[in-house]
Amino acid sequence: MIEQISVNLHIQNQQSMNRELIVYNTLTRKKEKFEPINPPFVGMYVCGPTVYSDIHLGNCRTFISFDLIYRYLLHSGYKMRYVRNITDAGHLEGDRDEGEDKFAKKAKLEQLEPMEIVQKYTLGFHEIMSTFNTLHPSIEPTATGHISEQIEMIKKILNNGYAYEADGTVYFDVEKYIKLYPYGQLTNRKLEELLEGTRELSGQDEKKGRLDFALWIKAKPETLMKWPSPWGWGFPGWHIECSAMSTKYLGETFDIHGGGMDLQATHHTNEIAQSQASSNVSPVKYWMHTNMLTVNGVRMSKTAGNGFLPNELFTGSHPLLERGYSPMVVRFFMLQAHYRSTLDFSNEALQASEKGLKKLMQGIETLNKIKPASESSANIKKLSDDCYDAMNDDFNSPIVISNLFEAVRIINSANDGKEKLTKQDIESLKKLFNDFAFDILGLRDDSTDLSNNSIDGLMELILSLRANAKSNKDFATSDKIRDELAKLGISVKDTKEGASWNKE
Ligand SMILES: [Zn+2]
């Protein structure tokens with residue numbers, strides 16, 4: 001049966017399947033041959049956003065990187081189930097079960113229900129993701145929708161002796177776990193290194209060990225989001241949701257788990273521990289992590305004041321930006337770096353990407369005008385092979401892009417009469433761009449004219465800016481946007497689900 005299926009796969013996409021796909025596995029710190037547990041099926045779980053504020057650009061890079069990976073695996077003929085969760089409960093400000101609940105804090109600040117916060121930022125997240133032309137995951141489960149699964153998993157961990165309850169809160173017993181399992185495996189850290197950055201326990205602490213983390217947290221009288229459990233009213237810890245939901249939809253062991261590099265040390269390390277402690281299996285075959293963003297060489301962060309939001313990048317409304325850049329330019333810019341390298345934002349680099357994307361799209365246009373020659377002076381097959389080799393080498397998008405630029409050079413030379421392309425060459429080049437520029441890199445031509453897509457994107461952007469103005473009670477701006485759009489023949493209607501627009 002499996003043999004039969006792999007033969008079909010081979011036929012579906014000979015070029016990509018002929019070669020071995022190699023992926024870098026954070027768990028082993030090696031590049032490994034990609035062999036799904038149950039081919040042709042591939043299960044992939046990516047930690048999604050915590051929807052209590054606007055999505056930041058670092059997260060966008062993670063989701064765009066996994067979109068590239070998802071698109072390539074689909075292109076290669078795998079039957080994908082891509083799960084990306086929405087964290088809508090249980091995320092405290094500190095990653096170590098300390099501080100205020102992120103949703104409750106924001107709800108108080110904006111005078112909204114926590115679920116209104118969740119709804120608002122989930123919609124905002126989806127809008128940004130579609131502006132970047134990312135494909136939807138197969139399932140997008142929420143933490144609040146899977147409380148009973150999380151409680152069941154905690155019960156299993158308790159029954160297996162790797163957790164303990166203290167006054168309505170359940171902690172994972174890392175000190176006990178570490179005696180049997182390599183807890184610091186994902187970041188290759190020893191116990192002493194893991195203990196760095198944790199605080200000494202005082203007599204007041206419920207925790208037995210400094211590394212122990214909460215699986216279930218007792219509700220305080222003022223806690224808004226809480227659920228009944230065998231340990232009383234409370235809410236789940238942050239890490240348990242991903243273990244419970246990935247197990248539910250992908251099984252106890254699945255192929256790929258991804259996320260930002262910042263999740264390795266705590267969140268993903270704890271996910272592995274939870275799965276081992278409840279089912280005695282290592283949950284993931286290939287752990288994959290995306291690297292950080294920097295701005296002019298400095299790590300991007302809110303505290304450094306250099307963390308711009310996607311909308312600020314599109315409009316240029318951040319002091320560090322000379323002007324705005326379209327979502328496709330930003331996507332292209334991100335794909336010009338390998339997902340495991342840091343990526344540095346600067347005005348010069350963004351402008352270079354803008355020029356590059358324009359050149360690429362113009363090359364595709366020029367291709368339609370070329371008159372076929374009877375003989376060929378170019379090796380298009382090699383270009384295509386090189387693109388597949390690059391993708392098969394741990395999804396090396398920058399090398400793919402450099403090959404696409406080489407294709408553009410050939411096209412422009414042929415247009416100037418310096419190279420010869422046969423009808424077959426021209427068809428192969430069209431296929432090359434369709435496969436790699438559009439299907440795999442997920443680019444869209446939004447540069448030359450205002451296509452419906454870009455008008456949609458533009459309107460989405462304008463309406464989100466108007467929604468921001470409204471939520472800041474800046475009604476003068478929100479009314480001005482509505483009135484100016486009306487003058488252009490575009491009517492805006494406010495509904496419960498947000499604003500919609502129509503061209504009259
Ligand atoms: Zn997660």
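**Entry 1: the zinc site.** I count as a donor any N, O or S atom within 2.8 Å of the metal, and since water is not among the atoms, a site may look incomplete. I note at the start that I am working from a predicted model. With that cut-off I looked up what holds the zinc ion, and I found Cys47 through SG, Cys242 through SG and His267 through NE2, at 2.0 to 2.1 Å. I then wrote the donor residues out by their spacing in sequence, which reads C-x194-C-x24-H. Cys242 belongs to helix α9 (residues 238-250) and His267 to helix α10 (residues 264-279), so I record a link between distant parts of the chain, 25 residues apart.

Are Cys242 and His267 buried or exposed? I find both of them buried. For Cys242 the relative accessibility is 1%, and I call the residue buried because the limit is under 20%.

**Entry 2: cysteines.** I searched for disulfides and the count came to 0. I also checked Cys387, which counts as buried at 0% relative accessibility.

**Entry 3: aromatic pairs.** I list 18 aromatic pairs in the structure. One of them joins Phe63 and Phe125, with ring centres 5.5 Å apart and planes at 70°, so I enter the pair as edge-to-face. Phe63 sits in helix α3 (residues 57-75) and Phe125 in helix α5 (residues 114-131), so this pair ties together parts that are 62 residues apart in sequence. I looked up the accessibility of each: Phe63 is buried at 2%, and Phe125 is buried with a relative accessible area of 2%.

Next I took Tyr162 and Tyr177, an edge-to-face pair with 6.1 Å from centre to centre and 80° between the planes. I place Tyr162 in the loop between α6 (147-159) and β5 (163-166), and Tyr177 in helix α7 (residues 174-177), 15 residues apart. I have both Tyr162 and Tyr177 down as buried.

Which residues are linked with Tyr162 and Tyr177 into a cluster by ring pairs? I find Phe172, Tyr181, Tyr183 and Phe213.

**Entry 4: charges over rings.** I returned to Phe63 and found Arg84 over the face of its ring, at 5.3 Å from the ring centre. I also noted Lys208, which lies over the face of Tyr164 at 4.3 Å from the ring centre.

**Entry 5: a sheet.** I traced an open sheet of 3 strands in the order β12-β11-β13, and its pairing is mixed. Why do β12 and β13 each have one side without a neighbour in the sheet? I see β12 (298-299) and β13 (343-345) at the edges, each with a single partner strand, so one side of each is left without a neighbour. I followed the pairing of β11 (residues 293-295) with β12, which is antiparallel over 2 bridges. Within that pairing I matched Thr294 to its bridge partner in β12, Arg299.

**Entry 6: helix α12.** How many residues of helix α12 (residues 327-335) are buried? I count 9 of the 9, so I describe the helix as largely enclosed by the rest of the structure. Among them I note Pro327, Arg331, Phe332, Phe333 and Leu335. I then asked what these buried residues pack against. I find α3, α5, α11 (310-315), β13, α13 (347-367) and α15 (397-415). Two of these elements appear in Entry 3, since α3 holds Phe63 and α5 holds Phe125. Strand β13 is already in Entry 5, as an edge of the sheet.

Key:
Residues are numbered from 1 along each chain as its sequence is written. This is a predicted model: local features need pLDDT of at least 70, side-chain atom pairs count only at pLDDT 80 or more; totals for chains, interfaces and linings use all residues. Side-chain values use heavy atoms; hydrogens and water are left out. Donors are N, O and S atoms within 2.8 Å of the metal (3.2 Å for Na, K and Ca); water is not among the atoms, so sites may look incomplete. Helices (H or I, at least four residues) and strands (E, at least two) are DSSP runs, numbered from the N terminus. Buried means under 20% relative accessible area, exposed over 50%, partly exposed in between (1.4 Å probe, protein chains only). Rings of Phe, Tyr and Trp (its six-membered ring) pair if their centres lie within 6.5 Å; planes under 30 degrees apart count as stacked, over 60 as edge-to-face and the rest as tilted. A charge sits over a ring if NZ of Lys or CZ of Arg is within 6 Å of the ring centre and within 35 degrees of the ring normal. Two strands pair if DSSP finds at least two bridges between them. A disulfide is a pair of cysteine sulfur atoms within 2.5 Å. Contact means heavy atoms within 4.5 Å.
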